[in-house]
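Got your viewer open? Take a seat and get ready to click along, one stop at a time.

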Amino acid sequence: MIALREARYQGGYKIWLSFNTGESGVVDLTDVLHKYKAAAPLLDQNEFKKFCLDEWPTLSWSCGFDLAPESLYERTMGKQVAWLKD
């Protein structure tokens with residue numbers, strides 16, 4: 001199971017993420033924010049950088065938008081999560 005350990009704002013729409021696998025990297029979420037209407041409030045960078053890790057831990061924002069650790073791992077590390085493969 002992939003889990004987030006830590007997240008730090010990097011500027012723009014980028015976040016540095018650390019995973020329970022020991023891997024870490026920076027993910028650019030610009031395209032995600034433009035794709036989903038629920039993420040529209042986060043186009044304001046002041047709102048975007050107010051993320052937190054919730055109890056799951058999932059990357060989430062107060063507007064109700066969130067991103068699962070597995071999705072973030074795939075985007076950040078460029079690797080598919082084994083149990084999610086078809």
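Here is a walk through the model, from the whole chain down to single residues.

**The whole chain**

Start with everything shown as a cartoon, and keep in mind that this is a predicted model. You should find three helices and six strands in the protein chain. Trace the chain along its sequence and the pattern reads β-β-β-α-α-β-β-β-α. Zoom out a bit: the C-alpha atoms fill a box of roughly 35 × 25 × 20 Å along the principal axes. How does the radius of gyration compare with that of a compact globule? For 86 residues, such a globule would come out near 12 Å, and the protein chain has 12 Å, so the two agree.

Now switch on the surface. The accessible surface comes to about 5200 Å², and 49% of that belongs to carbon and sulfur atoms. Buried residues account for 38% of the 86 residues. Colour by charge next: there are 10 positive and 12 negative side chains, and the centres of the two sets sit 4 Å apart. As for contacts between residues at least 6 apart in sequence, 43% of them join residues at least 24 apart.

**First selection: β1, β2 and β3**

Hide the surface and select residues 4-11, which are strand β1, along with residues 14-19, which are strand β2. The two run antiparallel, joined by six bridges. To see one bridge, click L4 and look across to its partner F19 in β2. Then follow the chain round the turn: β1 and β2 form a hairpin with two residues between them. In that turn, G12 has a positive phi of about 60°.

Add residues 24-28, strand β3. β3 runs antiparallel to β2, and five bridges join them. One of the pairs to pick out is L17 with its bridge partner G25 in β3. This is a hairpin too, with four residues between β2 and β3. G22, in the turn, has a positive phi of about 90°.

While you're here, show the side chains of β3. Which residues of the strand point to the buried face? G25 and V27 do, while S24, V26 and D28 point to the other face and are not buried.

**Next: the loop between α1 and α2**

Select P41, which lies in the loop between α1 (30-35) and α2 (45-48). Is P41 buried or exposed? Somewhere in the middle: its relative accessibility is 39%, so P41 counts as partly exposed. Leaving out residues up to four places away in sequence, P41 touches E47 and C63. If you have a distance tool handy, try P41 and T30: the two are eleven residues apart along the chain, and their C-alpha atoms are separated by 13 Å.

**Then: the sheet of β4, β5 and β6**

Move on to an open sheet of three strands, in the order β4-β5-β6 with antiparallel pairing. Its edge strands are β4 (52-53) and β6 (66-67), each pairing on one side only. β4 pairs with β5 (residues 59-60) over two bridges.

Click C52 and find its bridge partner, S60 in β5. S60 has 10% relative accessibility, so it counts as buried. Setting aside neighbours within four places in sequence, S60 is in contact with F51, C52, D54, F65 and D66.

**A cis bond in the loop**

Stay in this area and select W56 and P57, which are joined by a cis peptide bond with omega about -10°. P57 is in the loop between β4 and β5.

T58 belongs to that loop between β4 and β5 as well. Buried or exposed? Its relative accessible area is 9%, so T58 is buried. Show what surrounds T58: beyond its neighbours within four places in sequence, the contacts are L4, C52, L53, D66, L67, A68 and P69. You have met L4 already, as the residue that bridges to F19 in β2.

**Last stop: α3**

Finish with helix α3, residues 69-77, and select S71 within it. At 30% relative accessibility, S71 counts as partly exposed. For a final distance, pick the C-alpha atoms of S71 and Y9: they are separated by 18 Å, with the residues 62 apart along the chain.

Definitions and conventions
Residues numbered from 1 in each chain as written. Predicted model: local features only at pLDDT ≥ 70, side-chain atom pairs only at ≥ 80, totals over all residues. Heavy atoms only, no water. Pairing = 2+ DSSP bridges. Buried < 20%, exposed > 50% of the residue type's maximum accessible area, 1.4 Å probe, protein only. Contact = heavy atoms within 4.5 Å. Rg over C-alpha atoms; globule rule 2.2 N^0.38 Å. Areas by Shrake-Rupley, 256 points an atom, 1.4 Å probe, with all protein chains shown as cover. Lys, Arg positive; Asp, Glu negative; His and termini not counted. Charge placed at Lys NZ, Arg CZ, Asp CG, Glu CD.
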